[in-house]
Amino acid sequence: TAAREMTRLTGKYTKDEIAEMIKLIKCIGGYAESSPYEDILGEFYMTLGLADKKRKDYYTPTDVARLISVLPVQEAKELVEKKGWISVADFCCGSGSLLLAFAHECWVAGIDPTSQILFTAQDISFTAASMCYVQMSIHCLPGFVVQGDALTQPLTGSTLFPKSADGARILETHTLHEYAWHWRRVVSIVRNADFVLSGTAG
């Protein structure tokens, strides 16, 4: 359960260390308000030299990610107008730079990332997936973050209900359980269910 997982994780740290982590998260949240959809943790990670040199980690800078993300925005607007919402995925997400940049460019173009875009992220690195999850959560982006190899542990299932393969762990952001996305998932279940109606005529 979530409670057991929290106990397991926090058991590694002292109360003072946990208090410092809480302060750090609050600082990141405050920075996110002044700089929406910016890859804060990725920039910290690279600046502090924490990248895994063996895996040749290199996280896309925010400016470059936004330049790339401008390209599909017009198509995204057209799809949102037709369908009401769209989905976007990055299966080598790192700290979430490209997803955050896409959210930013859509937001600038008048698309609401919290209610009109469903995000799916995956990375083989636990650290990277965790950074992406934290940033998606802080920015209230609805979706899933998977820690696993996208080649050997690909997602199955549907867009709204992905399933993990071979033990890949799926985390859901809190926004996914709010009104718009909750009911979209309910409707999806109803549409895909097999109903057997029976009765007698009187």
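A residue counts as partly exposed when its relative accessible area falls between the buried limit, under 20%, and the exposed one, over 50%. Glu20 in this predicted model fits that middle class, with a relative accessible area of 48%. Its side chain meets that of Lys23 in a salt bridge, at 3.6 Å from N to O. Lys23 and Glu20 sit 3 residues apart in helix 2, so about one helical turn separates them.

That pair is one of 2 salt bridges in the structure. The other joins the side chains of Glu172 and Arg185, again at 3.6 Å, N to O. Here the pair ties together distant parts of the chain, with Glu172 in strand 6 and Arg185 in helix 9 (residues 179–192), 13 residues apart. Glu172 comes out as partly exposed at 31% relative accessibility, while Arg185 is buried at 10%.

Now for the pockets. The largest one holds about 1,400 Å³ of space. It is lined by 33 residues, and Leu9, Ile25, Phe126, Ser130 and Val134 are the closest to its centre. Helix 8 chips in the most, with 9 residues; among the other elements that supply at least two each are helix 1 (2–10), helix 2 (15–34) and strand 3 (143–147). Sorted by class, this lining has 23 nonpolar, 6 polar and 4 charged residues.

The second largest pocket comes to about 340 Å³. Of its 21 lining residues, Tyr59, Cys92, Cys93, Gly94 and Asp123 lie closest to the centre. The class tally for this second lining reads 9 nonpolar, 6 polar and 6 charged.

Methods: Residues are numbered from 1 along each chain as its sequence is written. This is a predicted model: local features need pLDDT of at least 70, side-chain atom pairs count only at pLDDT 80 or more; totals for chains, interfaces and linings use all residues. Side-chain values use heavy atoms; hydrogens and water are left out. On a 1 Å grid over the protein atoms alone, a cavity is a set of points where a 1.4 Å probe fits but cannot get out, and a pocket is an open set with protein on both sides within 12 Å along at least five of seven lines; lining residues have an atom within 4 Å of a point. Grid points are joined across faces, edges and corners, and a volume is the space filled by probe spheres set on the points. Helices (H or I, at least four residues) and strands (E, at least two) are DSSP runs, numbered from the N terminus. Ala, Val, Leu, Ile, Met, Phe, Trp, Tyr, Cys and Pro count as nonpolar, Asp, Glu, Lys and Arg as charged, and the others, Gly among them, as polar. A salt bridge is a side-chain nitrogen of Lys or Arg within 4 Å of a carboxyl oxygen of Asp or Glu. Buried means under 20% relative accessible area, exposed over 50%, partly exposed in between (1.4 Å probe, protein chains only).
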